[in-house]
Structures are given as C-alpha cells and as structure tokens.
Amino acid sequence: MNTNAIKSKTPTNHTLIDIGVNLTNKRFDKDREAVLTRAQSSGVAGLLITGTSVMESKKALGLCQQYQASFPDFLYSTAGVHPHDADNVADDYIEQLKQLARQPQVKAIGECGLDFNRNFSAPTQQVKVFTEQVALAADLNMPLFLHQRDAFEPWFDILSPYQGKVPAMVAHCFTGDKNELMQCLAADMYIGITGWLCDERRGQTLRDIVSLIPLNRLFIETDAPYLTPRTIRPKPKSSRNEPSYLTFIIKELANITGLDPKDIAWQTSRNSETVFDFPTT
Ligand SMILES: [Zn+2]
C-alpha cells in the first residue's frame with residue numbers, strides 16, 4: 001500500500017513550514033534547541049534558515065549540520081547577501097555562495113534584493129550585488145529568496161528577464177500594495193506572508209489584499225526573531241518572535257480569507273516541497 005499517497009490527501013496540522021527564520025541571530029544563542037523543540041511541538045515540520053551574508057549563510061548551514069542528528073530533516077538554509085550587506089562583499093563572494101549552494105541543505109539563493117528604505121548600503125552597490133545573485137541562481141538553477149523595500153520598480157526590472165530562467169522567485173515578507181502584488185503574481189512569483197498580517201495598524205493594506213494570493217503561490221514565515229505577531233494571546237513576555245508562533249499567522253490568514261487553516265497548512269507545505277525541495281511531510 002502506498003501510504004504516502006494517502007498521507008498527502010489527508011491534511012493535518014502537522015505540516016507547517018516556516019520559510020523565513022533568522023536562526024543565526026544572537027537572540028537565539030541561549031536557547032536555540034528549546035526554540036526548535038517548541039516549533040516541533042507546535043506542528044512546524046521544517047525551517048528554512050535565512051542567510052544574509054556569506055558569513056551568516058555559513059552559520060546557517062552550520063546550524064543545519066549541527067542539528068541534523070537531533071532534528072533530522074528539519075533544518076534547511078539559504079545562501080545569499082542581503083541588500084544591507086551589499087557594501088561589505090568580498091571580491092570572491094559569488095564563488096563563496098556557489099560553494100555553499102553545493103551543500104544539500106542549501107535550498108535557495110538569498111536573502112537578496114533591494115532595500116532603498118534605509119540605504120545601509122549604497123543603492124548602486126545594492127543593484128550590482130542583487131543582479132549578480134540573480135544571475136547566480138539562474139546559473140545554478142536554484143530558487144531566489146527575495147527581499148524588497150521601497151524599491152519595487154528597479155527590483156522587478158532586475159528580476160523580469162529571469163522569469164522562467166530560475167525555478168522559482170519567492171517575494172519574502174511581502175508588504176507591498178495591490179498593484180505590486182498583481183505584478184508579482186503575473187510574474188509567477190510566490191508570496192511569503194509574515195506576522196505583518198497580524199498588525200491591524202501597519203498591516204492593513206496587506207490584510208485587504210492577502211485573499212488575492214492563490215494558495216498555490218503562498219508561503220508562511222515568521223521572520224523570527226523579528227515581526228512577532230501582535231495577535232498572540234496571552235501576550236508573550238519576550239518581544240522575540242520564534243517559529244512556534246507560525247500558528248498565529250495561519251490563524252490570522254484563516255480569519256481574513258475564510259479558508260480552513262488546515263488547507264493553508266497543507267498547501268503551503270506542498271509549495272515548500274515544490275520550491276525548496278523540502279521532504280514530504
Ligand atoms: Zn527581508
């Protein structure tokens with residue numbers, strides 16, 4: 001009997017995948033293992049650890065390797081340079097990312113993109129480093145894990161020629177407007193939704209348009225330790241977000257869209273298998 005076939009037809013709550021976790025962050029140094037255990041107890045079946053520089057991407061991969069024995073097939077990572085770090089890249093950073101991407105745990109190139117909100121790196125350098133990573137993803141035939149803030153048009157223009165030339169583009173932590181969402185969907189992008197959705201003040205635009213995202217284009221992510229959902233009850237003592245809170249994002253998504261949380265969990269997990277090659281849960 002093919003139990004997998006039956007399993008895949010039976011949505012359960014135990015198939016959540018958090019595709020955006022900054023698990024290398026020092027705010028997890030004291031209790032990383034407990035955070036992972038709590039994630040599993042909450043039904044999270046896998047995490048994609050975000051790499052934001054060559055060094056952080058190495059650390060992210062290191063965590064996957066370190067916890068492989070105690071948390072088998074649970075941790076995967078990305079390799080890339082965040083726009084904030086674009087000014088600091090070494091001459092051979094693309095070669096270093098390429099080496100990292102050869103490791104089986106590394107599932108995407110990123111987090112990369114443009115951030116003209118605070119310009120921690122010079123915009124011209126951001127464009128250069130982003131463009132080079134997009135080309136790298138095409139070269140390696142790997143998905144892109146994408147960041148964008150206050151830079152939609154140049155960001156989209158860099159990505160457009162690569163539509164169909166990379167296996168997938170994932171607009172992580174989407175906070176744009178309806179017009180931007182429709183452009184992303186028309187370009188076959190996937191959309192990552194965070195706890196931004198749970199904020200009735202600054203998240204209102206997202207709350208108004210989130211129902212327009214087809215389930216087969218949707219991802220859920222905490223972006224922990226950032227963006228703690230404001231809907232957690234009772235309110236946690238710490239402001240630190242963690243993957244176990246992914247359930248609150250699902251709950252809010254279900255409230256707004258009227259969808260069954262089980263269906264959201266099931267389909268977003270299928271998307272993780274398709275895009276990031278997560279093992280079937
Ligand atoms: Zn980001």
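# A guided tour from helix 6 to helix 10

Begin by selecting helix 6 and helix 7, where Phe152, Trp155 and Phe156 of helix 6 meet Glu180, Gln183 and Cys184 of helix 7. By class, this contact comprises four nonpolar residues, one polar residue and one charged residue. The model on display is a predicted one. With the two helices still selected, look along their axes: helix 6 covers residues 152-159, and its axis comes within 12 Å of that of helix 7, at a crossing angle of roughly 5°. Because of that angle, helix 6 is roughly parallel to helix 7.

**Helix 5 beside helix 6**

Keep helix 6 in view and add helix 5. The axes of these two helices are 10 Å apart, and the packing angle is about 30°. Helix 5 and helix 6 are therefore roughly parallel to each other. The crossing of helix 5 past helix 6 is right-handed. To see the contact itself, display the side chains of Val127, Phe130, Thr131 and Val134 in helix 5, together with Trp155, Ile158 and Leu159 in helix 6. Six of the residues in this contact are nonpolar and one is polar, while none is charged. Trp155 deserves a second look, since this residue takes part in the contact with helix 5 and also in the one with helix 7.

**Helix 4 against helix 5**

Next, turn to helix 4 (residues 93-101) and view it with helix 5 (residues 123-140). Their axes come within 11 Å and cross at roughly 35°. Here too the crossing is right-handed, with helix 4 passing helix 5. On the helix 4 side, select Tyr93, Ile94, Leu97, Lys98 and Ala101; on the helix 5 side, select Lys128, Val129, Glu132, Gln133, Leu136, Asp139 and Leu140. These residues divide into seven nonpolar, one polar and four charged.

**Val89, ahead of helix 4**

Now select Val89, which is placed in the loop between strand 3 (75-79) and helix 4. With a relative accessibility of 22%, Val89 counts as partly exposed. Apart from neighbours within four places in sequence, Val89 is in contact with Val81, Gln125 and Val129. Val129 has already appeared on this tour as part of the contact between helix 4 and helix 5. For a distance check, draw a line from the C-alpha of Val89 to that of Glu153: the span is 24 Å, for a sequence separation of 64 residues.

**The zinc site**

Centre the view on the zinc ion. Which protein atoms serve as its donors? They are OE of Glu111, ND1 of His147 and NE2 of His172, at 1.8 to 2.3 Å from the ion. Along the chain, the donors follow the spacing E-x35-H-x24-H. Glu111 belongs to strand 4 (residues 106-115), whereas His172 is in the loop between strand 6 (169-171) and helix 7 (178-186), so this pair ties together parts 61 residues apart in sequence. Are Glu111 and His172 buried or exposed? Both are buried.

**Backbone features to inspect**

Stay with Glu111 and examine its backbone. Most residues other than glycine have a negative phi, and most peptide bonds are trans. The bond joining Gly110 and Glu111, however, is cis, with omega about 5°. A second cis peptide bond runs from Ala224 to Pro225, with omega near 10°. Pro225 is found in the loop between strand 8 (218-220) and helix 9 (246-257).

In that loop between strand 8 and helix 9, select Leu227 as well. Leu227 is not a glycine, yet its phi is positive, at about 55°. Asp150 is another non-glycine residue with a positive phi, in this case near 50°. To find Asp150, go to the loop between strand 5 (144-149) and helix 6. Asp150 has a relative accessible area of 53% and is exposed.

**Ser272 in helix 10**

The last stop is Ser272, in helix 10 (residues 261-276). Ser272 has 0% relative accessibility and so counts as buried. What does Ser272 touch, not counting residues up to four places away in sequence? The residues to display around Ser272 are Ile17, Ile19, Phe219, Asp277 and Phe278. Finally, select Leu218: its C-alpha is 9.6 Å from that of Ser272, although the two residues are 54 apart in sequence.

Key:
Residues are numbered from 1 along each chain as its sequence is written. This is a predicted model: local features need pLDDT of at least 70, side-chain atom pairs count only at pLDDT 80 or more; totals for chains, interfaces and linings use all residues. Side-chain values use heavy atoms; hydrogens and water are left out. Axes are lines fitted to C-alpha atoms, for helices over the stretch in contact, and angles run from 0 to 180 degrees between N-to-C directions. Helices (H or I, at least four residues) and strands (E, at least two) are DSSP runs, numbered from the N terminus. A crossing is left-handed if the near helix is turned anticlockwise from the far one by less than a right angle, and right-handed if clockwise. Contact means heavy atoms within 4.5 Å. Ala, Val, Leu, Ile, Met, Phe, Trp, Tyr, Cys and Pro count as nonpolar, Asp, Glu, Lys and Arg as charged, and the others, Gly among them, as polar. Donors are N, O and S atoms within 2.8 Å of the metal (3.2 Å for Na, K and Ca); water is not among the atoms, so sites may look incomplete. Buried means under 20% relative accessible area, exposed over 50%, partly exposed in between (1.4 Å probe, protein chains only). Angles under 35 degrees count as roughly parallel, over 145 as roughly antiparallel, 65 to 115 as roughly perpendicular and the rest as oblique.
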